[in-house]
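Student: I keep meeting words like "buried" and "paired" in structure descriptions. Could we go through a model together and ask what earns each word?

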Amino acid sequence: MSTILVSDAALRAASMLRKSPIEELRQLTIQETADGLCICGNLSRYYYKQLAQETLRRICKDAELVLQNHTQVHS
């Protein structure tokens, strides 16, 4: 797995989140890890946490990267 592939996937993931109709998802950040991507940030609903993860799952699957979801849900 090359660094370029991880960087490309991170850019695609960030772009997908920026296009979300849900403002909280647009505020999340994507961090590169040694073997994939990590979603970080705070959300108000567990549903949003799941939605962010599912939105980016295909990008990671296609690039054979691990997706970690480190978002925090605060009510």
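Tutor: Gladly! Let's begin with a definition: a polar contact is a pair of N or O atoms within 3.5 Å, where one must be able to donate a hydrogen and the other to accept it. Keep in mind that this is a predicted model. Here the side chain of serine 20 comes to 3.0 Å from the backbone nitrogen of isoleucine 22.

Student: What makes the link from serine 20 to the backbone nitrogen of isoleucine 22 a polar contact?

Tutor: The cut-off is 3.5 Å, and the side chain of serine 20 reaches that nitrogen at 3.0 Å. The distance is within the limit, so the pair counts as a polar contact.

Student: Where is serine 20 found, and is it buried or exposed?

Tutor: Serine 20 is in the loop between α1 and α2 (23–26). Its relative accessible area is 10%. Buried means under 20%, so serine 20 is buried. Not counting residues up to four places away in sequence, it touches Leu25 and Arg26.

Student: Why is arginine 18 called exposed?

Tutor: Exposed means over 50% relative accessible area, and arginine 18 has 53%, so the word fits. Arginine 18 lies in helix α1. From C-alpha to C-alpha, arginine 18 and leucine 28 are 8.6 Å apart in space, while 10 residues separate them in sequence.

Student: How do you know that tyrosine 47 and tyrosine 48 form an aromatic pair, and what makes it tilted?

Tutor: A search of the whole structure finds 1 aromatic pair. In it, the rings of tyrosine 47 and tyrosine 48 are 6.1 Å apart, centre to centre. The limit is 6.5 Å, so these two rings qualify. Their planes make an angle of 55°. Stacked would need under 30 degrees and edge-to-face over 60, so this pair is tilted.

Student: Which tyrosine of the pair is buried, and which is exposed?

Tutor: Tyrosine 48 has a relative accessible area of 15%, so it is buried. Tyrosine 47 has 52% and is therefore exposed.

Student: What makes a group of residues a nonpolar core?

Tutor: The members are buried residues of certain kinds, Leu and Ile among them, joined through side-chain atoms within 4.5 Å. The largest such core here has 19 residues, and Leu25, Leu28, Ile30, Leu37 and Leu56 touch the most other members. Two or more residues come from each of α1 (3–18), β2 (36–43) and α3 (46–63), with α3 giving the largest share, 6 residues.

Student: Which residues does isoleucine 30 contact, leaving aside its neighbours within four places in sequence?

Tutor: They include Ala10, Ala13, Ala14 and Leu17, as well as Leu37, Cys38, Ile39 and Leu56.

Student: How do you know that β1 and β2 pair?

Tutor: Two strands pair if there are at least two bridges between them. β1 and β2 have 4 bridges, in the antiparallel sense, so they pair. Within this pairing, threonine 29 stands opposite cysteine 40 in β2. A hairpin of 3 residues joins β1 to β2.

Student: Why is the pairing in the sheet called mixed?

Tutor: The 3 strands form an open sheet in the order β1-β2-β3. β1 and β2 pair in the antiparallel sense, whereas β2 and β3 pair in the parallel sense over 8 bridges. With both senses present, the pairing is mixed. Glycine 36 stands opposite valine 66 in β3. α3 packs on the sheet and touches β1, β2 and β3, and its direction makes about 165° with that of β3.

Student: What makes asparagine 69 count as buried, and what does its side chain reach?

Tutor: Asparagine 69 is in strand β3. Its relative accessibility is 15%, and buried means under 20%, so it counts as buried. Its side chain reaches the backbone oxygen of lysine 49 at 3.1 Å and makes a polar contact with the side chain of glutamine 53 at 3.2 Å.

Student: And where is glutamate 64 found, and why does it count as exposed?

Tutor: Glutamate 64 is in the loop between α3 and β3. At 68% relative accessibility, it is past the 50% cut-off, so it counts as exposed. Glutamate 64 also has a positive phi of about 55°, although it is not a glycine.

Notes: Residues are numbered from 1 along each chain as its sequence is written. This is a predicted model: local features need pLDDT of at least 70, side-chain atom pairs count only at pLDDT 80 or more; totals for chains, interfaces and linings use all residues. Side-chain values use heavy atoms; hydrogens and water are left out. Rings of Phe, Tyr and Trp (its six-membered ring) pair if their centres lie within 6.5 Å; planes under 30 degrees apart count as stacked, over 60 as edge-to-face and the rest as tilted. Buried means under 20% relative accessible area, exposed over 50%, partly exposed in between (1.4 Å probe, protein chains only). Contact means heavy atoms within 4.5 Å. Axes are lines fitted to C-alpha atoms, for helices over the stretch in contact, and angles run from 0 to 180 degrees between N-to-C directions.
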